Structure formats: structure tokens, C-alpha cells
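Me: I have just opened this one and would like to talk it through slowly. Can we take it piece by piece?

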Amino acid sequence: MLQKLIANFVLYFFVIIKLMEFLRDISLKSLNTFGIDAKARFFLELKHESDLNGLTDNIKNSNIFCLGGGSNVLFVNDFDGLVIANNLKGIKIIDSNDDYVTLEVAAGENWHNFVSLTLKNKYYGLENLALIPGKVGGAPIQNIGAYGAEQSEFFVYLKAFDLLDFKLKTFSKEECLFDYRTSVFKNKFKNRYLIINVAYKLSRKPNLNLKYKELEEEVRKIPTINPDPEYIFEAVCRIRQRKLPDPTMIGNAGSFFKNPIIEKAKFNEIKNQYEDFRGFEMPDGRLKVFAAWLIEKCGWKGYREGDAGVHENHSLILVNYGNASGKDILNLSNKIKDSVLEKFDILLEPEVEIVK
Ligand SMILES: Cc1cc2nc3c(=O)[nH]c(=O)nc-3n(C[C@H](O)[C@H](O)[C@H](O)COP(=O)(O)OP(=O)(O)OC[C@H]3O[C@@H](n4cnc5c(N)ncnc54)[C@H](O)[C@@H]3O)c2cc1C
């Protein structure tokens with residue numbers, strides 16, 4: 001027992017010594033859209049792929065967190081380890097023909113700027129995913145999706161740096177195990193790989209995706225318009241700007257919880273009590289229901305507790321009115337979760353990555 005304690009102490013001591021070469025006690029406040037004032041004990045900004053050479057045995061056994069745009073994280077405490085902020089830049093064409101173009105995009109590129117650039121070049125597909133905050137490297141982690149599209153539809157591969165054996169590995173689409181707001185990087189390989197770049201295959205021919213009702217209605221507002229992908233892009237931006245709180249004005253990380261998927265019998269049980277309860281049938285017969293509706297029915301919309309709150313128009317979005325701590329937001333989210341479980345017997349799962 002004593003020997004094990006000493007061994008752990010020695011290991012911890014050496015980890016600390018090796019990490020000394022990184023920046024220390026860096027505030028992450030401006031690096032997460034919740035605006036949580038947490039500190040990283042050690043910090044490294046990756047600007048060039050050659051910076052990866054600095055990541056070898058010196059980080060073995062350390063606690064590491066890979067940070068993109070910080071738009072899907074909640075830091076509950078100061079981070080007692082190494083935060084690697086990915087700022088790798090660059091976009092290159094790696095394959096092209098009359099129908100398609102495949103682009104390899106560095107993980108530190110801003111997602112929306114990348115989407116915008118694809119449309120300017122008449123490469124189509126990503127228009128429904130406009131204005132999602134964050135960086136390209138963050139997109140595959142939870143398989144971002146919006147307005148009837150998901151990044152996995154255009155994804156070809158990604159390259160990632162293994163933080164255990166310090167080698168680059170290429171992941172195919174199949175290996176990423178993409179699903180609704182998840183991937184292998186949120187489960188089996190959580191915090192194991194640092195994504196370096198992602199490849200997307202886009203079409204040179206427009207192929208409009210208007211299956212999301214709200215988007216279709218926005219586009220049809222002007223009946224004389226013959227929509228093209230650029231018009232869809234603008235329509236998506238308009239809807240998002242109208243609906244979603246801007247993190248530069250009020251701290252938030254978008255939807256805090258995932259929309260739960262429930263059994264048909266459970267759905268019918270609730271539907272018998274609430275006429276306005278809605279769900280989308282999944283291929284396996286279960287139904288995806290709106291977490292926002294459940295939260296609203298529990299009376300949380302617009303609720304505020306100190307500087308932590310639930311957005312007044314959007315019960316799925318938790319907000320930091322200024323000086324909320326990560327713990328304040330987490331406590332509020334737990335209360336919401338408990339009340340939804342009690343009232344509806346449905347367990348909400350966070351979409352946001354909670355870093356403790
Ligand atoms: C206002 C608002 C609206 C949003 N709308 C949507 C939406 O419509 N659809 C949607 O899906 N999401 C949405 N989000 C959530 C968020 O924007 C996305 O999940 C985004 O892809 C996160 O990217 P990021 O770079 O900010 O990642 P971060 O928040 O920095 O990190 C998120 C996770 O990805 C990991 N990660 C990030 N970069 C890397 C990397 N290079 N290598 C390894 N791991 C990495 C982190 O470790 C963490 O686990 C919204 C957020 C906000 C604030």
C-alpha cells in the first residue's frame with residue numbers, strides 16, 4: 001500500500017516536472033463560449049503540425065484536454081492538467097473531378113468560415129450547417145448537425161495524433177462510429193486523440209436539403225425565389241441569428257442536453273396527457289422527442305439562479321449572465337435533469353462536454 005502511494009507520488013512528480021515547459025495557469029475564460037473563468041494548469045497552443053514534436057514522453061500519463069473553439073464545453077473546475085488549444089490552419093484540395101471536390105481542412109480552422117468558403121467556391125453540401133460555432137476539429141467529435149443535415153454525410157476521413165503512442169492515425173468514416181451527436185471520440189477514444197485535420201467530399205452540383213420544416217418555410221417565404229445553396233446558407237444564418245443567443249453577448253454552449261430517444265409506449269403515455277407533445281420516428285421505431293419541450297413543461301424556461309439561467313426563449317440553452325461558475329451551471333443542469341426524470345421518467349443526457 002505504502003509502496004503504491006510512493007510510486008504514484010513519484011509518477012505525479014515526474015509528470016509535473018515534464019509539463020513545466022508549457023505555459024502555466026492560463027485563464028480559459030475567453031476560450032470557452034460559456035465564458036467560465038477556469039484556469040488550465042498547463043497550456044499549449046498548437047499553431048504548426050511541427051509543434052506536435054513537442055508532444056512526446058513529456059505528456060505521458062498526464063491529464064490532457066484538447067480544446068477547439070470551446071463552444072461545447074463546460075469547465076466545472078480549474079483544469080489540473082494540460083490543455084492543448086488547436087490553432088492549426090490550412091485548407092487544401094486533395095481530389096477533384098467534374099462532380100466532386102474533396103478538401104482536407106486543418107482542425108483549427110473556424111467551422112463557419114470554412115462553410116462560407118466552400119459556398120464561395122461553389123462546393124455544395126455544408127450550407128445547412130452554416131453558423132455553427134467552433135472549429136473544424138470539433139465537428140466530428142459530436143457529429144454536428146442542424147436543419148436536417150449532419151457533418152457525417154460529407155465526411156471522408158480524419159487524421160489524428162495519438163496522445164498515447166504519439167503517432168498519426170487516419171480514421172475512416174466507419175471507424176468514427178458517427179451517430180446522433182456522438183462518435184467514437186466521445187466514447188471509446190475520449191481524450192485519446194488530437195484531431196489534426198478532417199476531409200470532406202462536396203458536390204459541384206447543388207442538391208438542396210429542405211427536409212427540415214422550419215428551413216423550408218423560411219425559404220418559401222419569398223415564393224418567387226428559386227433557391228440555390230447560397231440562398232439556403234443565408235436562410236440558415238437568418239434563422240440562427242433570430243433564434244439563438246449570441247455567445248459573445250451572453251455566455252452559452254448551444255443546446256445543453258441531447259434530444260432523448262424514447263420507446264413508443266412511453267411516447268403514447270405522455271401524448272395521452274399532452275396534446276402538443278411531438279416526436280420524430282426513428283428507423284428502429286423509437287421516437288426522438290424535444291428536450292426543450294420537456295424542460296419547458298417542468299417550468300424552467302427563463303429561470304435564473306444568480307448568474308446561471310435558462311434562456312428566456314430557449315429552454316434547452318443554459319446561460320451565464322456574467323459571473324456564473326461552471327459549478328453553478330452544472331448544479332442548475334442537474335436540477336433540470338432531476339425534475340424531467342421525476343415528471344416524465346425520461347433521463348436527459350448532456351450534449352455539452354462537462355470537464356471536471
Ligand atoms: C450558440 C451555439 C449554437 C450551437 N449550435 C449547434 C448546432 O446547431 N449543432 C451542433 O451539433 N452543435 C451546436 N453547437 C455546439 C458546438 O458549436 C459544436 O459542438 C462544435 O462543433 C464544437 O466545436 P469546438 O471547436 O468549439 O469544440 P470544443 O467545444 O472546444 O470541444 C468540444 C469537444 O470536442 C473535443 N475537441 C475539440 N477539438 C478537438 C480536436 N482538434 N481534437 C480532439 N478533440 C477535440 C473537445 O475535447 C471536447 O470534447 C452550438 C454551440 C453554440 C454556442
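Me: What does Lys-122 do just after H2?
Reply: Lys-122, which comes just after H2, takes a positive phi of about 65 degrees. This is a predicted model, in which local features need pLDDT of at least 70, side-chain atom pairs count only at pLDDT 80 or more, and totals for chains, interfaces and linings use all residues. Residues are numbered from 1 along each chain as its sequence is written.

Me: And H2 itself, which residues are buried there?
Reply: Helix H2 covers residues 111–120, and Trp-111, Phe-114, Val-115, Thr-118 and Leu-119 are buried in it. A residue is called buried if 20 or more other C-beta atoms lie within 10 Å of its own, exposed if 12 or fewer, and partly exposed in between, with C-beta atoms placed from the backbone. Helices (H or I, at least four residues) and strands (E, at least two) are DSSP runs, numbered from the N terminus.

Me: Where do those buried residues fall, seen down the axis of H2?
Reply: They fall within an arc of 135 degrees, so they line one face of the helix; the arc is that of the directions from the helix axis to the C-beta atoms. On the other side of H2, Asn-113 and Lys-120 are exposed.

Me: What do the buried residues of H2 pack against?
Reply: They pack against strand E6 (91–96), strand E7 (100–106), strand E12 (193–203) and helix H5 (229–243). Contact here means that the C-beta atoms of two residues, placed from the backbone, lie within 7 Å.

Me: Moving on, where is Gln-142, and is that residue buried or exposed?
Reply: Gln-142 sits in the loop between H2 and strand E8 (145–146), and Gln-142 counts as buried because 22 other C-beta atoms lie within 10 Å.

Me: Which residues does Gln-142 touch?
Reply: Leaving out residues up to four places away in sequence, Gln-142 touches Asn-72, Arg-181, Thr-182, Ser-183, Lys-186 and Glu-351. The C-alpha atoms of Gln-142 and Arg-181 are separated by 4.4 Å, although these residues are 39 residues apart along the chain.

Me: What about Leu-215, why does that one count as buried?
Reply: Leu-215 counts as buried because it has 22 C-beta neighbours inside 10 Å, and this residue is found in helix H4 (residues 213–220). Not counting residues up to four places away in sequence, Leu-215 touches Tyr-147, Gly-148, Leu-210, Ala-235, Val-236 and Ile-239. Between the C-alpha atoms of Leu-215 and Ile-239, 24 residues apart along the chain, the separation is 7.8 Å.

Me: Zooming out, how is the protein divided into domains?
Reply: There is domain 1 (2–86), domain 2 (91–243) and domain 3 (251–355), with bounds that come from an automatic or database domain assignment. In domain 1, 14 residues are in contact with 14 residues of domain 3. On the side of domain 1 that touches domain 3, the largest share, three residues, comes from strand E4 (residues 73–75).

Me: Which residues touch the most other members of the largest nonpolar core?
Reply: Of the 90 residues in that core, Leu-74, Val-83, Ile-84, Val-198 and Ile-295 touch the most other members. A nonpolar core is a set of buried Ala, Val, Leu, Ile, Met, Phe, Trp, Tyr and Cys residues joined through C-beta atoms within 7 Å.

Me: Last one, how many helices and strands are there?
Reply: The protein has eight helices and 20 strands, and buried residues make up 38% of its 356 residues.
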